[in-house]
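I opened the model today to look up a few strands, one loop residue and a surface patch. My notes follow in the order I checked things.

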Amino acid sequence: YLAEDSSRPLPIYLELSRLGANDLEGLIESRFLSYGLSFGRELWGELERDQPLAFLLDGLSEVPPEDQIETLDALAQFAQDYRAGHHVLVTCRSSDFPFFRPWFGDFRQLRLQEWDEAQVMRALAPALGEQRALAEAIRRNKELLELLRLPLLAQAVAQRVAGEGTAFLWR
């Protein structure tokens, strides 16, 4: 990848839920090691200098509450340090963003589009199978359909329906 085009950002995906006691550098190092790449100050220095980097720091909402303030401080500093010449994208649930916002000052906020009804029904289709009456009942239940527009929730419901049936939907 690096040899193909050094002007394209090198994506570095990091799951913040794995941050634990590690600092961000430790998390980056573990990502490189998981791909069988040696990681050291020399390689890191070359990457920072010669290759635009695109950090996707995923799952801020998944960081344990007792670690969130320390993690937010570290992320805000990391984002400030790597803004020039690199890209930093931090993801969290929309409902959690107001709490996290003060740490990211003037950073641009992006919001993923929620699913429309057709996307919700496609996600549920494998779990619902041939239960057409149930699919229609979900379509008619506007409150439930509105909740299922959140992809994570729709997928969780589909998994639960596949595993347990549908009674929990109507409790």
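I began with strand S1 (residues 10-15) and found it joined to S2 by six bridges, the two running parallel. The model is a predicted one, so I read these pairings as computed from it. I looked up one position: Leu 10 stands opposite Leu 53 in S2.

Next I followed S2 to its other partner, S3. Four bridges join S2 to S3, and these strands also run parallel. Here I noted Leu 56, whose bridge partner in S3 is Leu 89.

Which side chains of strand S2 (residues 53-58) are buried? I found Leu 53, Phe 55 and Leu 57 buried and pointing to one face. Ala 54, Leu 56 and Asp 58 point to the other face and are not buried. I recalled that side chains in a regular strand alternate between the two faces of the sheet.

Then I turned to His 86, in the loop between helix H3 (65-82) and strand S3 (87-90). Is His 86 buried or exposed? Its relative accessible area is 11%, so I entered His 86 as buried, the cut-off being under 20%. A polar atom of the His 86 side chain lies 2.9 Å from the backbone nitrogen of Leu 53. I also listed residues that His 86 touches, among them Leu 47, Glu 48 and Pro 52.

Last, I checked the surface. Leu 147, Leu 150 and Leu 153 form a nonpolar patch there, together with about 240 Å² of accessible area. I placed Leu 150 in the loop between helix H7 (142-148) and helix H8 (151-164). Leu 150 has 39% relative accessibility, so I wrote it down as partly exposed.

Technical notes:
Residues are numbered from 1 along each chain as its sequence is written. This is a predicted model: local features need pLDDT of at least 70, side-chain atom pairs count only at pLDDT 80 or more; totals for chains, interfaces and linings use all residues. Side-chain values use heavy atoms; hydrogens and water are left out. Patches are made of residues with over 30% relative accessible area and no salt bridge: like charges are joined within 9 Å, nonpolar side chains (Val, Leu, Ile, Met, Phe, Trp, Tyr) within 5 Å. Accessible areas come from the Shrake-Rupley method with a 1.4 Å probe; for residues, only the protein chains shown count as cover. A salt bridge is a side-chain nitrogen of Lys or Arg within 4 Å of a carboxyl oxygen of Asp or Glu. Buried means under 20% relative accessible area, exposed over 50%, partly exposed in between (1.4 Å probe, protein chains only). A polar contact is a pair of N or O atoms within 3.5 Å; within protein, one must be able to donate a hydrogen and the other to accept it, and residues adjacent in sequence count only if both atoms are side-chain atoms. Contact means heavy atoms within 4.5 Å. Two strands pair if DSSP finds at least two bridges between them. Lists of a residue's contacts leave out its neighbours within four places in sequence.
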